[in-house]
Amino acid sequence: MPATFDEQRRSRVRIVDILLAILVTVGILAYILDVLALRWGLSTAYIGRSYPNYLKAAWISLYVTTIAYFIGMGIGFVLGWARSVRTLPLARVIAARRREAVAAADGGSPGAGLFLGTLLVYGIKYYVRRTADAYVAIIRGTPLFVQIVFVWSAVLVFYPRLDPLLQGLLAGVIALTANTGGYQSEIFRAGIQTVHSGQVEASRAIGLSRWGAMRYIVLPQAVRLVIPPLTNEYIGLLKASSLLAVVGSVPELTTFGRSEAFQTFHIFEAFALVVGIYLLITVPVSKVVEWIERRYRIPGLGIQASRTARV
Amino acid sequence: MAVGTILVILILQTVLRFNLLDEDLWKLYLPSFLDGIVLSLRYLGIILPLSVVIGFTIGWARISRFRTLSWPLSVFVDFFRGVPPIIVVIFAAVLGPSLLPARFQSQDIGIIIAALTLAMHSGAYQSEIFRAGFMSVPRGQLEAAQSLGMTNGAAMRFVVLPQALRLSIPPLANEFAVVIKDTSLLAIVGGFELFGSSFIFEQQILFSPGNQLSWIFVVWTAVALVYFVMTFAVTELLNAIDRRYHVKGLEAVTV
Amino acid sequence: MIRVEELEKHFGALHVLKGVSLEVQKGEVLVIIGPSGSGKSTLLRCINLLIEPDSGRVFLDGTQVNRRDIRPEWVRQQVGMVFQSFNLFAHLTALQNVTLGPIRVLGTDPTTAGAQGRKLLARVGLADKADAYPAQLSGGQQQRVAIARALAMNPKAMLFDEPTSALDPEYIREVLDAMAALARDGMTMIVVTHEMGFASEVAKRILFMDAGRIIEEGSPEEIFHSPKQERTRMFVGKILR
């Protein structure tokens, strides 16, 4: 709650508060780690000799994530664009086309061919749009686990004799790509729509064509809007890649940590290493993104920060 | 929405050559299917309310003036937001039971601990939602309440909280959908909710002769459909609640 | 009835109030004018203890109220405030806004509070808007509801912090009329405003404040037509164009 109390008193309390806060935080963390280490055993020797393997596994996580991320970006961008265009009601589209045709044909009445053509194009656009919407809705409405297993089953059925690692890799990359493509399309759509309203009218008023408006006005702004959520999405995808553990054949960080834990019985050490590496990557990046967002925020302009971690 | 979904399913059916309504399959699968759904719902019954309580409490605490309260909790939140849920689930299930005294040990205690961990995980995200909700209520509202002679507690209860909660509902709908999907993670530690029981059933299909491989796709499409319906229902329900209690002119500020 | 002595307030390095003293009698209307940043809003908020002064004394009916053993909430029940940005409770109807204070702070039973609330809304001319939400009301209507809300607590005095500054021109009149009616009914009022017409008609005394200090004090005629201080002259000259 915002305080409305005496300034002087506040500054004295503030210093005590900060010191106490640091003390309590560090204290609780140290206590927890101490208790857990005691209960479950902490072999620093194991950590010392094994951490390079964990780092290698982390690299694999990053590789898989990055490939899926950028292919997904292509999909997401196209879908986002497609979905950001408002679908006008059929009647208005026909009326608009009619007007254009009349102006072009110089007085002659537009034929039935034009009417049917418009209808066809509109119909196709409509169904393409609806399918794209459904695709994104399904990606967001179903667990990533299910998506991975679905693709994996398809891979197993169609390529049964492939090496398990390759099968897992193929399934993983396809599923992650499809998944991030869906989420990124939402990001792009929101970015384009946020800038779109009003800006296109203004730019056309100064003489730019629709494409010109897109290129010089909408897209540059949209790019700036879209970068923080896209960065968060990368982090989210990295965390999501952990779900490849269900496949088991891809030695990314979580799968590796799990198998190490159950094979060597250094369960807590494995856990600590895996968690530590994830935190080392995700927390600094998230903090930087948060800082950038706060610093460069234009009041009233921004995409609602929805959590991008999804499973 | 329905149009597109049906289109997608039809496309999948042709490409991958399966029939969603194959009777032979359903005779075998239906029991696992239904049991899985029931168990998923039961897990949700524990996890969802618990996560809201955790999230609200932490969100409230984090707007406190006292850093001693808010800093440790920030560490908690950052931890759960930075780590993939699956890893905490696995290790909570394996290591968690050893933290409890012997009389609590049972077959399922690991899974329950994992479920509690999921509640904490979602609670961390929800604390951010509630915190943003609190911070989005204009300061003038608090001033006005104080000028009427309300204590800070009364002002919180009658002016700030009602508005903060209303603001939190849309992002909460999204988060609930995520929780529903997260319950599938319990499968990896032995919880036989919808995903888990379907996975086991799928293994049986793969390894027994005479059963069609295309049944795998039927199973997973059905599973996906159920999750889809659940998330859709929850988000629609919360959106309806939001519409009913919506305060015009009040908007959430991104935090 | 309200008196402040030697109020000092710093916000970090900013010295906002530099030894301000004033006094208001019962039933008197005091208007404070001055450039923005002069500390007028801070001064007002020190009177009902929304802000705690660094030093100085605030008196209500002869009793010093900025003391550790007096609850600020008690003081704020005696002195009502109307804000520049209205600050109506967005999730409540007009009537609910007005009755919230009596019900939750004074402990009035809801039926009585409701009846009194309706009377107050009628008094500011909004009897038919009792069930409207703030978002459905114009700025002027919202501000009048805010006045009714403050009146519902039966305060001894009312503070107005630039009540019409955020209003579209066509709504200023109705709010000023409501305030003038209050003054006629004998309410003790301290009003920070730029509305010179209101000041000269309704105010008994005017205070000119600049950079944290009271520069000059006098009747409306004195301040507007024959200011003694140079700064007052400059400010009034700019305003009264």
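**Exercise 1. A serine in a helix of chain B**

Decide whether B:Ser70 is buried or exposed in this predicted model, then place it in its surroundings.

*Solution.*
Step 1. The relative accessible area of B:Ser70 is 8%. The cut-off for buried is under 20%. Therefore B:Ser70 is buried.
Step 2. B:Ser70 belongs to helix H3 of chain B.
Step 3. Set aside neighbours within four places in sequence; B:Ser70 then contacts B:Ala61, B:Arg62 and B:Ser64.
Step 4. The buried residues of H3(B) are B:Thr68, B:Ser70, B:Pro72, B:Ser74, B:Val77, B:Phe80 and B:Gly82.

**Exercise 2. The span of that helix**

What span should helix H3 of chain B have, and what is the distance between its end C-alpha atoms?

*Solution.*
Step 1. H3 of chain B runs over residues 67-82, which makes 16 residues.
Step 2. The expected span is 1.5 Å times one less than the number of residues. For this helix that comes to 22 Å.
Step 3. The end C-alpha atoms of H3(B) are 21 Å apart, which agrees with the expected span.

**Exercise 3. Chains A and B side by side**

Which pattern of elements does chain A follow, and which does chain B follow?

*Solution.*
Step 1. Chain A contains nine helices and zero strands. Its pattern along the sequence is α-α-α-α-α-α-α-α-α.
Step 2. Chain B also has nine helices and zero strands. Chain B reads α-α-α-α-α-α-α-α-α.
Step 3. Turn to burial. In chain A, 41% of the 311 residues count as buried. In chain B, 57% of the 255 residues do.
Step 4. Turn to contacts with a sequence separation of 6 or more. In chain A, 80% of them join residues 24 or more positions apart. In chain B, 76% join residues at least 24 apart.

**Exercise 4. The A–B interface**

How many residues does each chain give to the contact, and what area is buried between chain A and chain B?

*Solution.*
Step 1. Chain A gives 68 residues and chain B gives 67 residues.
Step 2. The buried area is about 6,100 Å². Carbon and sulfur atoms give 73% of that area.
Step 3. Count the polar links. Between chain A and chain B there is one salt bridge. It pairs B:Asp78 with A:Lys287 at 3.1 Å, N to O. Eight residue pairs, both at pLDDT 80 or more, are in polar contact.
Step 4. Locate the chain A side. The elements giving two or more residues are helix H1 (7-40), helix H4 (112-141), helix H5 (144-158), helix H8 (253-264) and helix H9 (267-295) of chain A. By class, this side has 45 nonpolar, 11 polar and 12 charged residues.
Step 5. Take one case. A:Val157 lies in helix H5 of chain A. Beyond residues up to four places away in sequence, A:Val157 touches B:Leu213 and B:Phe217. Its relative accessible area is 24%, so A:Val157 is partly exposed.

**Exercise 5. Salt bridges in chain C**

Which parts of chain C does the pair C:Glu174 and C:Arg144 tie together?

*Solution.*
Step 1. Over all chains, the count is 24 salt bridges. In one of them, the closest N and O atoms of C:Glu174 and C:Arg144 are 2.8 Å apart.
Step 2. C:Glu174 lies in helix H6 (residues 169-184) of chain C and C:Arg144 in helix H5 (residues 139-151) of chain C, so the pair ties together parts 30 residues apart in sequence.
Step 3. Check burial. C:Glu174 is partly exposed at 22% relative accessibility, whereas C:Arg144 is buried at 11%.
Step 4. Add a strand pair. C:Glu217 and C:Arg205 form a salt bridge at 2.4 Å, N to O. C:Glu217 sits in strand E10 and C:Arg205 in strand E9 of chain C, so this pair links parts 12 residues apart in sequence.

**Exercise 6. Positive phi**

Which elements of chain C hold or flank C:Glu6 and C:Phe86?

*Solution.*
Step 1. Most residues other than glycine have a negative phi.
Step 2. C:Glu6 has a positive phi of about 55°. C:Glu6 lies in strand E1 (residues 2-11) of chain C. At 44% relative accessible area, C:Glu6 is partly exposed.
Step 3. C:Phe86 has a positive phi of about 60°. C:Phe86 is in the loop between strand E6 (79-82) and helix H3 (94-106) of chain C. At 11%, C:Phe86 is buried.

Technical notes: Residues numbered from 1 in each chain as written. Chains lettered and ligands numbered in written order. Predicted model: local features only at pLDDT ≥ 70, side-chain atom pairs only at ≥ 80, totals over all residues. Heavy atoms only, no water. Helix = DSSP H or I, 4+ residues; strand = E, 2+ residues; numbered from the N terminus. Buried < 20%, exposed > 50% of the residue type's maximum accessible area, 1.4 Å probe, protein only. Contact = heavy atoms within 4.5 Å. Buried area = accessible area lost by both parts, 1.4 Å probe. Salt bridge = Lys/Arg side-chain N within 4 Å of Asp/Glu carboxyl O. Polar contact = N/O pair within 3.5 Å; in protein donor to acceptor, adjacent residues only side chain to side chain. Nonpolar A, V, L, I, M, F, W, Y, C, P; charged D, E, K, R; others polar.
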